[in-house]
Structure formats: structure tokens, C-alpha cells
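Work through the exercises below with the model open in a viewer. Each task is followed by a solution in steps.

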Amino acid sequence: MRGFLERAWPLLGLWLLLVVVATIGANASLVIQRDTIEILVNVVLVVGLYSFVGTSGVLSFGQMSFMAIGAYVGALLTIPSVQKASLLPDLPGWLQAIELGPLPGALLAGLVTVVFAAIIVFPIVRLSGLAASLVMFAVLVIVFQVASNWTAVTRGSQTMIGVPTNTTIVTALAWAIAVIGLVYAYQRSASGLRLRASREDDFAARAAGVSIARERAIAFLLSAFVTGIGGFLYAQFQGAFTPSAFYLHITFLTIAMLVFGGQKSLAGAVIGAIAISILSLLFNVAEDGFQAGPIDFPGRDGLAAAGLAICILAVLARRRDGLMRGRELEWPGRWIERRRAARLNDPETDRS
Amino acid sequence: MTSIVQHLVDAASLGALYAVLAIGIALMFGIMNLMNLAYGELIMIGGYSLYALNGEPWPLQLLGCVVITIVAALLMERLAFRPFRGASAPVLLVTSFALSFALQAIATVAFTSRAKGVSLPGFLDSSITVGSVSFSSLNVVSVVAALVLVTGLATGLRRSMIGVQMRAAAESFATARLVGVRADKVIAAAFGISGLFAGVAAILVVAQSGTVTPTIGVAPVLVAFVATIVGGLGSLWGAAWGGFGLGALTVLLQVVLPTELAPYRDAFLYAGVIFVLLVRPQGLIVLRARLERV
Amino acid sequence: MLELDQITISYGRTAVVTGLSLTVPQGEAVSLIGPNGAGKTSTLAAIVGLRQITAGSVRFDGEEITGRAPELLVRQGLALVPERRQIFTTLTVRENLRLATADLDRVAAAEALEREMERFPALRGRLEHPAGGLSGGQQQQLAISRALMCRPRLLLLDEPSLGLAPKIVDEVFATLDQLRASGVTILLVEQNALRAVRFADRAYVLNAGRVVLEGTSAELADTDLLTNSYLGVAPTSIGGKDA
């Protein structure tokens with residue numbers, strides 16, 4: 001039993017953490033309930049980001065373009081047909097008629113996002129380093145521009161409204177648990193392990209085999225799927241959004257969450273997302289006495305933003321590889337053993 | 001014919017501005033591996049100092065802007081980036097982002113997010129007519145300023161002791177230290193020069209709209225970021241050419257795109273960026289010593 | 001002149017050097033040899049402050065210098081010629097040398113330059129050439145000159161014979177002999193064990209981060225002993241230090 005717990009803890013621990021967060025949130029005020037959903041949606045987004053950026057080591061600035069696609073496709077698929085007719089009169093008939101529930105809607109939105117990612121994946125995974133980062137950033141800009149101008153499908157820069165608000169604490173928690181399980185399974189698969197090995201020494205890995213591009217492609221598509229679902233959840237949480245919700249702010253925010261938690265581990269992604277989300281909500285509360293719901297917190301009142309930024313800087317200064325230092329959650333008994341051994345300064349038993 | 005000249009002038013002046021922006025960022029990247037997103041906030045600080053010096057005689061206003069920006073850059077290095085020296089590129093990036101965020105927030109608290117009007121000297125804003133072509137004096141000033149800064153920098157890097165040290169540090173920071181180059185001095189010099197470029201860029205950017213907001217630096221820093229990578233990392237001249245090219249291309253697209261597609265101008269621009277990077281991932285100009293192992 | 005006292009160097013959670021102690025007496029030449037990956041380069045890097053020392057101390061002239069920045073150590077008379085030369089390829093030969101003279105006034109800098117031109121005439125004709133165009137041997141000369149510009153009292157060298165033809169290696173060691181004769185203390189890291197042992201007064205053999213053998217060059221002239229220490233064959237005798 002203990003052996004099983006030790007092995008499964010990296011995953012179970014995260015699940016447990018999310019359940020705890022969700023439970024606390026669900027039993028608090030209405031406003032905090034909304035905040036809890038926000039935290040859980042952020043977790044999904046950052047896990048999506050991690051599944052490519054964290055595993056491959058390629059710092060992509062464009063993963064939130066997948067969030068945009070997931071949100072817009074989700075909106076198109078789930079807004080009641082009657083409303084769609086007046087909101088988006090120029091939609092083709094078959095699209096007008098579709099009206100899906102949240103589960104098929106999420107899956108289909110995720111799927112469409114994967115298809116989009118598949119179109120651009122091959123050139124991208126052959127690039128390395130900042131070239132790939134920049135190409136993904138260019139993709140983000142292009143998606144933003146298209147979303148802002150393709151009025152027939154996206155209402156352009158006007159707010160997309162009328163999305164059914166089906167994302168509750170339970171559904172957000174369920175999806176968060178599901179995607180964490182999915183990404184955990186992936187990172188322990190042969191493909192995932194190969195990719196993570198290449199992360200440490202790109203050059204050596206490339207010298208060893210051309211298939212690094214293939215492994216990255218898999219991670220890229222997985223990331224698109226999860227981030228797309230995150231976008232869908234966001235859309236069905238807010239009920240309304242504009243293209244700027246998926247642009248610079250959320251991009252850097254999610255990257256900050258990932259780096260803060262430690263970009264090399266899934267636990268880092270989850271804990272980073274939870275920690276920064278809670279911190280930012282706390283700062284907002286402390287500042288003006290009433291809570292604000294939206295994910296991005298532009299200078300409505302600069303103090304909260306400044307406070308959060310300084311917090312991030314302070315932690316990063318002391319722990320450059322993030323809170324989790326690139327490690328997964330460890331069964332507490334094992335962790336205690338290891339710390340004890342390390343304190344005896346015996347390098348042989350300080351394994352991990 | 002006249003409109004072609006007009007467009008060329010626009011292209012040259014926007015290109016000049018982007019080149020100045022790109023060099024500012026490329027300097028810090030070449031020496032310290034730091035992609036400094038907070039560079040945009042140096043421009044913002046420059047803009048607000050112009051606002052604060054509204055009404056003063058123009059030499060004081062402009063010089064004050066540049067001096068304040070340089071000081072801000074040096075403070076930024078000393079207070080915000082020194083604790084992170086030697087950190088990996090993603091950490092530095094997130095740090096610079098957090099800093100950028102914090103500075104914008106502070107500016108919002110201090111000045112609100114509403115645009116503040118800045119009155120600049122007439123020679124930045126007047127109309128010049130040559131034959132049948134008329135353009136703004138700002139175009140001329142931009143190009144002249146860029147040329148002065150670029151040649152000044154090139155000369156400084158070549159001739160002065162600190163210039164040699166900076167070039168050595170850009171090639172290998174650790175080895176430069178082994179030879180006695182003081183890390184602190186070189187880094188401060190890089191930030192100081194970046195501050196100078198940012199101060200001048202601030203004047204040019206503010207002159208375009210006549211106002212300053214907390215987010216005034218966001219668009220320029222993205223441009224600089226893209227230009228540096230497209231131009232070739234580690235190469236200052238690559239960054240300059242990258243910036244110039246981006247500026248020229250932006251104007252070209254503006255002119256060439258049919259009206260229905262005009263709002264998609266940036267999409268086309270970035271599609272062009274993608275194309276360049278796919279064809280030449282190391283950027284347009286490759287500095288032998290800094291070839292990223294692909 | 002230089003004392004390392006039980007130093008440990010770690011990379012993350014792995015220790016690359018453990019419990020290393022060595023002494024370089026003034027005016028002598030000491031070699032640090034050992035197989036690839038033994039930790040020799042890390043040791044030199046740690047002495048000059050480019051790598052963190054997690055335990056133990058380094059003393060130079062009796063003064064504790066553990067972790068001190070390399071640019072400060074240069075001013076105290078401690079210079080390193082790094083592995084693979086690492087000259088600045090985009091700078092000219094003159095600029096490479098000039099870098100080291102930031103603290104000297106113009107006259108002193110010119111004298112230092114002239115002195116190095118005397119030592120390596122091949123560099124004189126190439127002062128304005130980009131250093132990247134020099135041959136391997138010339139680059140090594142440039143690297144050594146660069147370190148000597150400020151007249152260090154202790155010179156550290158990391159594998160100066162790496163990648164060079166045997167004849168050039170002879171020249172390099174001849175230069176090192178001259179330097180030792182003129183009073184410069186030397187700590188030499190070398191792959192070429194026999195060369196290193198013959199050159200130095202004393203040698204330490206490093207294997208997997210620990211000193212496994214130390215002795216004078218006379219003692220270590222026994223090649224079997226040397227080979228065994230490289231291969232990690234235990235036990236070692238004469239002055240050997242087991243882990």
C-alpha cells in the first residue's frame with residue numbers, strides 16, 4: 001500500500017490538492033466560489049502550457065492562441081441557436097444550427113484546436129530556442145488579429161456574449177483532474193520521457209536522433225488540446241469575452257505562473273497556477289474591499305498588480321528554478337527520509 | 001511619384017525608430033543573455049519625464065528626458081536585475097516581465113491610465129515641403145537621430161576601452177572576467193547605453209502622438225524583441241537592420257494592402273516574420289561567435 | 001602560495017569534486033592530472049571563482065579567496081589560461097591583449113605589449129588580425145600572453161596542449177619552463193600525464209573528483225603507478241591517498 005502511494009503520489013497529491021482547494025472554495029461566499037473557478041481554469045491553462053513548454057524546454061509565447069481557438073469555437077458550438085442568429089447573422093447555416101452541451105462542446109473545441117495546431121506543428125518543432133518562441137508569438141499575434149477582424153465569425157473586437165455559463169466548481173475541478181491525469185500519463189510515457197531528456201541537452205539529443213521533432217509534435221498537440229479546453233472552460237465561465245482576453249496579458253501571466261512554480265515539473269505548473277491565482281485575488285481583495293472576477297487584472301488599480309509582480313520577483317530571486325525546483329510531489333515519508341540523509345551530508349544516499 | 005517618395009520617407013523614419021529600439025534591447029541580450037521586457041518601461045519613464053518637464057525650454061526637456069532615462073536604466077540594473085545575475089533565460093524573461101508589469105502599475109497609480117499631453121518643441125512637429133512632397137520634420141529627426149546614435153555606438157565600441165570590454169563580454173562573459181574585465185562595469189555600461197537609446201526613442205515615440213500613457217512602451221518593446229531575433233541574436237547590426245526592415249515592411253504593407261485587408265496588416269507582418277524564421281532560424285545576420293547551436 | 005583545503009564542488013546535487021586538498025608552493029610548478037571528467041577543469045574554475053565551492057576553502061598567499069570574483073583575482077596576481085584557449089575571435093590580437101591592461105597606464109600597457117611580442121614574435125605580425133584567424137598554436141600563445149599581460153604571480157593553465165600538434169606542444173612547454181625560471185608559480189591541468197609529470201615538480205592525480213595519488217615527479221615517474229591511478233585500480237602506494 002505504502003509502495004503504491006509513494007509511486008502514485010506525484011499524481012494523487014496534485015489531485016488531492018485541487019479537491020481541497022475546490023472544497024474550501026465551494027463552501028465560502030459566492031464571490032470566492034467564482035474565484036475558485038478562476039483558479040481551477042488557470043490550472044488547466046498552465047498545465048496546458050506546461051505540457052509543451054515544460055516538457056520540451058521550448059519557451060513558446062503563443063500557446064494562448066489555442067486558448068483563443070478553444071474559446072471561440074466553444075462559443076460557436078454552444079451558444080443557443082436563437083441567440084446566435086442575432087449575434088452572428090453571417091454564420092453559415094449549419095454552424096447556426098449547432099447547439100452542443102458542455103461536454104461534447106469542450107471535446108469538440110479541443111479537437112478543433114488540435115487540428116489547428118496540426119497545421120502549424122511541423123515547421124515549429126524543427127526550430128529551437130528563441131526562433132520557435134518568436135514564431136509562436138507571431139502565431140499569437142496573427143490569431144489575435146484574425147479574431148479582432150473576422151467579424152462574421154468572432155464579432156471582431158466586439159464582445160462575444162451569450163455563452164452559456166456551465167463552468168461550475170465541479171466541472172472545472174473535473175476537467176482539471178482529467179487534464180492533469182492526461183499530462184501526467186504523457187510525461188511518463190516513452191515519448192514524454194524522451195522529450196524531457198532532450199530538454200536538458202538539446203544539441204546532444206539532436207545528435208542522437210531526428211525523432212526529437214516527433215516527440216515535440218506530440219507534446220505540442222497535447223498542449224493545444226488541453227489549452228483549448230482551458231479556453232472553452234474560460235468562455236463558459238465568463239459567458240462573454242473579447243480577443244484581448246487571449247493576448248499579451250494572459251500569455252505572460254500563465255508563463256509567470258509556470259516559471260514561478262517551476263517550469264520543469266507538472267507539480268510546478270499546478271502549484272504555480274494556484275499560488276499566483278490566490279495571491280492575485282488576495283491582492284485585489286486587500287486593495288479595494290470588493291473582489292473582482294476577471295482573470296486579467298489590468299491597471300484598474302495599479303497597486304494590486306505592482307504587489308503581485310513584486311511578490312513574483314521576490315520568490316524568483318531566492319529560488320531561480322521556481323517553487324518546486326523542477327520536482328514532482330513526493331510522498332511525505334520519503335521526503336523526510338531524504339532530508340534526513342542529506343543533512344548527514346552523505347552524497348550516496350541523497351538520491352532522487 | 002510624390003507619394004512614393006512620401007512612403008519612402010515614412011519607411012525610413014519608422015525603420016530608424018525601430019532600429020534604435022532594437023539596438024537597445026540587443027545590447028542587453030548580447031552581453032547578459034537578458035531579453036529585457038522592462039525596456040518598454042524605460043521608454044515610458046522617458047515619456048513621463050517629458051510630461052513632467054512640460055513647459056521647460058526644450059533643451060532642458062529633451063536632455064532631461066534622456067538623463068532621467070539613463071539613470072532609471074542604471075537603477076533598474078542595480079536594484080532589479082543584479083539579484084538575478086546568471087539566471088537562465090526564461091527566469092530573466094519572467095523577471096523582466098514582472099518588473100515591466102510593476103512599473104506600469106506604479107505609473108498608473110501616479111499618473112492614472114489616462115493619456116497625458118506632452119508639448120514638444122516645434123521642430124519635432126512641423127511640416128517640411130520639398131518640391132511637391134511634404135513630410136513631417138519628425139521623419140528627418142528620426143533618421144538623423146538614429147544615424148547619430150548608431151555611428152556613435154559603433155565608434156565607441158571600436159575605439160574605447162569599455163567598448164572592447166563590451167565586445168569581449170558579448171562573446172564570452174566568463175572569459176572576459178578571467179582577463180580582468182569588471183562584470184559590474186560592463187553591465188552598467190550596457191544598461192546605460194540602452195537607457196540612452198530608450199530616452200531618444202521615447203522622444204520619437206511621444207512625438208508621434210503627443211501623449212504618454214502607462215502602456216506606451218508595450219508595442220515598441222515587442223517590435224524590438226521581434227527585430228532582434230529576426231535580425232540575428234547577438235549581432236547589434238543584425239538587430240538594427242532587423243528593426244529597420246520591420247519598420248520599412250510595416251509601411252510597405254500599409255501602402256500595399258487593399259482596404260479590406262488593411263486591418264490585418266500586423267498579421268501579414270508577423271506572417272512575414274514566421275517566414276523569415278523558418279527559412280533562416282538563426283536570423284538574418286549571423287555572428288559567428290554567437291551561433292546558437294541548432 | 002596556493003592552498004586548497006578539502007574543497008567540494010557540486011553541480012546541483014551531484015558532487016564533481018570531493019575533499020580535494022592541494023598545495024602549490026611559491027616558485028614551483030604543480031600538475032593536476034587525471035582522466036576525462038575527473039573534475040580538473042571544475043577545480044580550476046572554482047579557484048578563480050567561476051564555479052561555486054560548496055565546502056572547504058582556497059587560500060592565496062595566506063589570504064582566503066574562496067569564491068572571490070575572477071576579475072578581482074587577476075588584480076591580485078592570479079590568472080587563468082582557460083581550456084581551449086577561449087580567445088575572443090571577433091577581436092583583433094591587439095584588442096585581446098589590450099583587454100587585460102585596463103588598470104595599467106598607457107606606458108605600462110605599451111611595455112607589457114612589447115614584452116609579449118618579444119616572447120611570441122609570431123603575434124607581432126598579426127596584431128591587427130582578428131584573433132579567430134590564428135592557428136591553434138598561435139591562439140595558445142595569444143591566450144598565454146593575454147594572461148601574462150598583468151604579470152601574474154600564479155598562473156593556472158587548463159589543458160594547454162589540447163588539440164595542438166606535438167611540435168607546438170613542445171614550444172608551449174618550453175614557454176612554461178621559461179616562465180617558471182623567471183619566478184612565476186604554475187598550476188597546470190593536463191591530459192597529457194607524462195608531459196605534465198615531467199614538467200612539474202609535483203603532481204596530483206584526480207579521479208572521479210578525488211585525489212587518488214600525489215607525489216613528486218620522481219615518485220610518479222613509475223608509469224605503472226600512474227596508469228593504475230587513472231584506471232582506478234586500488235590500492236595505490238607511495239604517497240597515494242585512498243578515498
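**Exercise 1. Cavities**

How many cavities of 30 Å³ or more does the structure hold? Then describe the second largest cavity by volume, lining and residue class.

Solution.

Step 1. In this predicted model, the search returns three cavities of 30 Å³ or more.

Step 2. The volume of the second largest cavity is about 100 Å³.

Step 3. List the lining of this second largest cavity. Chain B is represented by B:T175, B:L178 and B:V179. From chain C come C:V74, C:A79, C:L80, C:P82, C:A100, C:A143, C:R146, C:A147 and C:C150.

Step 4. Assign the lining to elements. Two or more residues each are given by α7 (173–178) of chain B, and by β6 (78–81) and α6 (136–148) of chain C. With three residues, α6(C) gives the most.

Step 5. Sort the lining by class: 10 residues are nonpolar, one is polar and one is charged.

**Exercise 2. The interface of chain C and chain B**

Characterise the contact between chain C and chain B by residues, buried area and polar pairs.

Solution.

Step 1. Count the residues in contact: 24 in chain C and 21 in chain B.

Step 2. Take the area. About 2000 Å² is buried between the two chains, and 59% of it lies on carbon and sulfur atoms. On the side of chain C, the residues that lose the most area to chain B are C:E71, C:F88 and C:L99, which together make up 28% of what that side buries.

Step 3. Look for charged pairs. Two salt bridges cross this interface by the rule. A salt bridge joins the side chains of B:R167 and C:E95, at 2.6 Å from N to O.

Step 4. Count polar contacts: eight residue pairs, both members at pLDDT 80 or more.

Step 5. Assign the chain C side to elements. Those giving two or more residues are α2 (70–76) and α3 (93–98). The largest share, five residues, belongs to α2(C).

Step 6. Sort that side by class, which gives 14 nonpolar, four polar and six charged residues.

**Exercise 3. The interface of chain A and chain B**

Repeat the analysis for chain A and chain B, and state how many salt bridges the rule finds there.

Solution.

Step 1. The contact draws on 41 residues of chain A and 43 residues of chain B.

Step 2. The buried area is about 3700 Å², with 82% of it from carbon and sulfur atoms. Within chain A, 18% of the area buried against chain B is supplied by A:L130, A:L134 and A:R320, more than by any other three residues.

Step 3. The rule finds zero salt bridges across this interface. Polar contact is present in six residue pairs, both at pLDDT 80 or more.

Step 4. On the chain A side, the elements giving two or more residues are α7 (129–149), α11 (202–208), α13 (248–261) and α15 (302–318). The most, 13 residues, come from α7(A).

Step 5. By class, the chain A side has 31 nonpolar, eight polar and two charged residues.

**Exercise 4. Salt bridges over all chains**

How many salt bridges does a search of the whole structure find? Locate the partners of the one between C:E3 and C:R59.

Solution.

Step 1. Over all chains, the search finds 26 salt bridges.

Step 2. The side chains of C:E3 and C:R59 are paired at 3.6 Å, N to O. This distance meets the cut-off of within 4 Å.

Step 3. C:E3 sits in strand β1 (residues 2–11) of chain C and C:R59 in strand β4 (residues 53–60), so placed that the pair links distant parts of the chain, 56 residues apart.

Definitions and conventions. Residues are numbered from 1 along each chain as its sequence is written. Chains are lettered from A and ligands numbered from 1 in the order in which they are written. This is a predicted model: local features need pLDDT of at least 70, side-chain atom pairs count only at pLDDT 80 or more; totals for chains, interfaces and linings use all residues. Side-chain values use heavy atoms; hydrogens and water are left out. Contact means heavy atoms within 4.5 Å. Buried area is the accessible area (1.4 Å probe) that two parts lose on being put together, summed over both. A polar contact is a pair of N or O atoms within 3.5 Å; within protein, one must be able to donate a hydrogen and the other to accept it, and residues adjacent in sequence count only if both atoms are side-chain atoms. Helices (H or I, at least four residues) and strands (E, at least two) are DSSP runs, numbered from the N terminus. Ala, Val, Leu, Ile, Met, Phe, Trp, Tyr, Cys and Pro count as nonpolar, Asp, Glu, Lys and Arg as charged, and the others, Gly among them, as polar. On a 1 Å grid over the protein atoms alone, a cavity is a set of points where a 1.4 Å probe fits but cannot get out, and a pocket is an open set with protein on both sides within 12 Å along at least five of seven lines; lining residues have an atom within 4 Å of a point. Grid points are joined across faces, edges and corners, and a volume is the space filled by probe spheres set on the points.
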